[in-house]
Amino acid sequence: MAGDETLARRFEAERGRLRAIAHRLLGSPDQADDAVQEAWLRLVRTGDDGIDSLSAWLTTVVSRICLDMLRAPSARREEPFGERPPERAAGTGGPEDAAVLGDSVGLALLVVLDRLGPAERVAFVLHDLFGVPFDRIAAVVGRSRPAAKKLASRARHKVRGTPAVDGAELDRHRRVVEAFLAAAQGGDLGALLDVLAPDVVRRADLAALPPGIAPELRGARAVAEGTVLLRDRSRCAAVALVDGRAGIVVAPHGRLLLALRVGVEGERITAYEVIAAPERLRRTEVAVLDPVGLSRPAPTR
């Protein structure tokens, strides 16, 4: 019993980091909990005898579980009764939990990660977000170390994207789009009118609109009122790089529902287009704008 309690305490000390990794890999907090639970079950079955670093061992196990889930997302695992992981006490979530469950950049990153292949996603998340060395990543994905580095590099390029404008212009456009999104989320009609050009045009795929809503609106007042009408969707929205320019993604639970291409001139929005048709969404390039946590490269090992 004492040994089991010690093992549970050691696992509990790793839980926040393991859940953060699993959430970034899977994009779902529920699936992340499933992956962490499965890691606990495997630890219970094997014990910690012969494990030099429990942290490294658990990272590898959780990552492999997540990779299997990404490759076979419909797979169901049966849970042996009575073998759940030790319960987390209320209020004990660590900083990793707070970061991974955040909105804004975190939401946009989940959207982009969702578009990566399973092995690319694992290599990028483990190395660039959690600093796992490439020799361990290679063991997880079943590739050589150079191949694992190539996977991460390819994923990194997709995550960062290729801006269609220079840095200063992109920053200016981003500030305008952020102001628009903040006003939309707050339902602030006055703030929307301030950021919209008088002759602004909003176009939207029919799939993005409730019945009876016009797919095209013209003029600041009409566009602002139409934006406020659909404000609930903005609660799960984030600024992102959309087709090379500052735009917005709407992604409940990190799954892309809508993408907004935004046109900016001066300090105002002149047009925006709401893309919702699945085939159009698949063709839309989405990347992360100035991603927090990616600005400093992880050590390359």
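## Report on a predicted 301-residue model

Residues 24 or more positions apart account for 67% of the protein's contacts that have a separation of 6 or more. The model is predicted. The protein has 13 helices and seven strands, and 47% of its 301 residues count as buried.

**Helix α3 and S63**

Helix α3 covers residues 54-71, 18 residues whose expected span at 1.5 Å a residue is 26 Å; the end C-alpha atoms are 26 Å apart, so the helix agrees with that expectation. The buried residues of α3 are L54, A56, L58, T59, T60, V61, V62, S63, I65, C66, L67 and M69. S63, which lies in this helix, has a relative accessible area of 0% and is therefore buried, the cut-off being under 20%. Apart from residues up to four places away in sequence, S63 touches I21, L25, L126 and V140.

**Helix α8 and its two sides**

Helix α8 runs from residue 145 to residue 160 and has 16 residues. From first C-alpha to last it reaches 23 Å, close to the 22 Å expected at 1.5 Å a residue. Its buried residues are A148, L151, A152, A155 and V159. These cover an arc of only 95° around the axis, so they sit on the same side of α8. P146, K150 and H157 are exposed on the other side of the helix. Just after α8 comes G161, with a positive phi of about 70°.

**L113 in helix α5**

V159, one of the buried residues of α8, is also a contact of L113. L113 lies in helix α5, residues 105-113, and counts as buried because its relative accessibility is 0%. With neighbours within four places in sequence left aside, L113 is in contact with R24, R121, F124 and V125 as well as V159. The C-alpha atoms of L113 and L26 are separated by 8.9 Å, although these residues are 87 residues apart along the chain.

**The cavity**

How many cavities of 30 Å³ or more are there? The count comes to one. The volume of the largest cavity is about 240 Å³. Its lining consists of 20 residues, and T227, L230, L260, Y272 and V274 lie nearest the centre. Elements giving two or more residues to this lining are the helices α9 (167-186), α11 (220-229) and α12 (231-234), together with the strands β1 (196-204), β4 (245-250), β5 (258-265) and β6 (268-275). By type, the lining of the largest cavity divides into 14 nonpolar, three polar and three charged residues.

**Positive phi outside glycine**

Most residues other than glycine have a negative phi. D243 and H253 are listed below with their positive phi values.

| Residue | Phi | Loop | Relative accessibility |
|---|---|---|---|
| D243 | near 50° | between β3 (237-242) and β4 | 27% |
| H253 | near 60° | between β4 and β5 | 69% |

Which of the terms buried, partly exposed or exposed applies to D243? At 27% relative accessibility, D243 counts as partly exposed. H253 counts as exposed because its relative accessibility is 69%, the cut-off for that term being over 50%. Strand β4 adjoins both loops, since D243 is found in the loop between β3 and β4 and H253 in the loop between β4 and β5. β4 is also among the elements that give two or more residues to the lining of the largest cavity.

Technical notes
Residues numbered from 1 in each chain as written. Predicted model: local features only at pLDDT ≥ 70, side-chain atom pairs only at ≥ 80, totals over all residues. Heavy atoms only, no water. Helix = DSSP H or I, 4+ residues; strand = E, 2+ residues; numbered from the N terminus. Expected span 1.5 Å × (residues − 1). Buried < 20%, exposed > 50% of the residue type's maximum accessible area, 1.4 Å probe, protein only. Arc of directions from axis to C-beta. 1 Å grid on protein atoms, 1.4 Å probe; cavity = no way out; pocket = protein on both sides within 12 Å on 5 of 7 lines; lining within 4 Å. Points joined across faces, edges and corners; volume = space filled by probe spheres on them. Nonpolar A, V, L, I, M, F, W, Y, C, P; charged D, E, K, R; others polar. Contact = heavy atoms within 4.5 Å.
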